[in-house]
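Thank you all for making the time this morning. I would like to walk through one model with you, going from its strands to its interior, and then to a few individual residues.

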Amino acid sequence: MIYSIKRLRMLALLMGLLYLFSYACAFAQPLTITNNSDCVIIAGNTYYINRIVNETNIFFIYINNQYQELPVSQAETIDVPNRELNFNQSIRSWNKKDGYQYLLFGSFPQDNGYDEPILWRVLYMRNNRILLLSEFILNTMPFDSYTNKWTASNANAWLNGDFYNTAFKTTIERNCIIPDREAGSVILLTKSDLLNGDFGFSTSSATKDSNRRASGTFYALNHGLWTKNQCGAYYSRTTSNSTSLVMVRSTGDIGSARITRDNVGIRPAIWLDLDKATFDFGLGTKEVPFQQVVQPY
């Protein structure tokens, strides 16, 4: 009996060694992934994340509540939905020391002729609600043919109609957006927003502020966006006079434009409820923005 127990213990030990050997061999196999795919590797409380960025394998290790870039080329993978990560608590307002954070939410045709994730700049956070501004000018169109009033304008109708339906396709996404009773779900910033130092903007209209400057997507350029030094002008929703609106010039200072101009850009903004939207991947940088790996449906 003693001999049998010893044999069983030895057999268990050998099986354990064989398991460790097979596990190591699994790690030695090159990781096969395709463009736009995600790979998650878990070891204890450590998460190894593989994300394809511009067709390049970028690996990260999530440890001590932050991501660190890591050159990992072998891994054991599991399905993305098995992760339970939430980086909402890391999202913040603009500040002078660290600047802006960025996230992806929704999708719209931009540079390749088909829907791509929209990159948003986080301007401000209040009570777990964040004000987001599209990093790029997404379209070009006249504000309206007759009125400079936001609520009655074609720009408002387009943003809260065609754009809203294209950019936010799921009910879950739409439920994350906080509508303004008067302005709508998708808005243009006001003049006071564009002069708000808490949003990272210069408080002077005359300042050629780099934080106010924006470039346009190919989609916007193909629709007639005028640019200078790769930056375009874009409308606010604040009236200037009976036929004009306040706009941001391509140089980043504040000016005005007639409502009928068809080469001034549309740069959307939204308020997002972080109690309803979970961002489970990213560094919050422009290169690796916060995003939803487990996409809402």
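Let me begin with a single pair of residues, Val122 and Leu132, which are bridge partners, the latter belonging to strand β7. Please keep in mind throughout that this is a predicted model.

Strand β6, residues 115–126, and β7 pair in the antiparallel sense, and six bridges hold that pairing. The two strands form a hairpin with two residues between them, and in the turn you will find Asn127, whose phi is positive at about 50 degrees. On its other pairing, β7 meets strand β15, residues 269–273, again antiparallel and over five bridges, with Leu133 standing opposite Ala269 of β15. How much of β7 is covered? Five of the six residues in this strand, which spans 129–134, are buried.

If we now step back to the sheet, it is an open one of four strands, in the order β5-β6-β7-β15, with antiparallel pairing. Which strands stand at the edges? They are β5 and β15, and because each has a single partner strand, one side of each is left without a neighbour in the sheet. From one strand to the next, the twist averages 40 degrees. The pairing of β5 with β6 is antiparallel and runs over seven bridges, and within it Leu103 stands opposite Trp120 in β6. Helix α2 packs on this sheet, where it touches β5 and β6, and its direction makes about 95 degrees with that of β5.

Staying with α2 for a moment, its buried residues are Ala155, Asn156, Trp158, Leu159, Gly161, Phe163, Tyr164 and Ala167. What covers them includes β5 and β6, and also β8 (139–140), α3 (171–176) and β14 (265–266).

That brings me to the interior. The largest nonpolar core has 62 residues, and those touching the most other members are Leu103, Phe105, Phe163, Phe168, Ile270, Leu272 and Phe279. At least two residues of this core come from each of several elements, among them β5, β6, β7, α2 and β15, as well as β11 (234–241), β12 (244–248) and β13 (254–258). Which element gives the largest share? That is α2, with six residues.

Ile270 deserves a closer look. Leaving aside neighbours within four places in sequence, Ile270 is in contact with Ile130, Leu131 and Leu132, with Phe105, Trp120 and Phe168, and with Ile177, Ser185 and Val186.

Turning to the aromatic residues, the count of aromatic pairs comes to eleven. One of them joins Phe143 and Trp150, with 6.2 Å centre to centre and 35 degrees between the planes, and it is classed as tilted. Phe143 has a relative accessibility of 0% and so counts as buried, and Trp150, at 7%, counts as buried too. Trp158 and Phe163 make a tilted pair as well, because their ring centres are 5.5 Å apart and their planes lie at 40 degrees. Both Trp158 and Phe163 are buried, and both belong to an aromatic cluster that also takes in Phe105, Phe108, Tyr164, Phe168 and Tyr219. There is also a charge over a ring to point out: the charged end of Arg121 sits over the ring of Tyr100, 4.4 Å from its centre.

I will finish with two polar residues. Glu116 has its place in strand β6. Is Glu116 buried or exposed? Its relative accessible area is 17%, and since buried means under 20%, Glu116 counts as buried. Not counting neighbours within four places in sequence, the contacts of Glu116 are with Gly106, Ser107, Phe108, Pro109, Gln110 and Asp111.

Ser204, by contrast, lies in a loop, the one between α4 (191–194) and α5 (218–222). With a relative accessible area of 29%, Ser204 is partly exposed. Ser204 and Leu194 are ten residues apart along the chain, and their C-alpha atoms are separated by 9.3 Å. Which residues does Ser204 touch, once those up to four places away in sequence are set aside? They are Leu195 and Arg212.

Technical notes. Residues numbered from 1 in each chain as written. Predicted model: local features only at pLDDT ≥ 70, side-chain atom pairs only at ≥ 80, totals over all residues. Heavy atoms only, no water. Buried < 20%, exposed > 50% of the residue type's maximum accessible area, 1.4 Å probe, protein only. Pairing = 2+ DSSP bridges. Core = buried A, V, L, I, M, F, W, Y, C linked by side-chain atoms within 4.5 Å. Contact = heavy atoms within 4.5 Å. Phe/Tyr/Trp six-rings, centres within 6.5 Å; stacked < 30°, edge-to-face > 60°. Lys NZ or Arg CZ within 6 Å of the ring centre and 35° of its normal. Axes fitted to C-alpha atoms, helices over the stretch in contact; angles between N-to-C directions.
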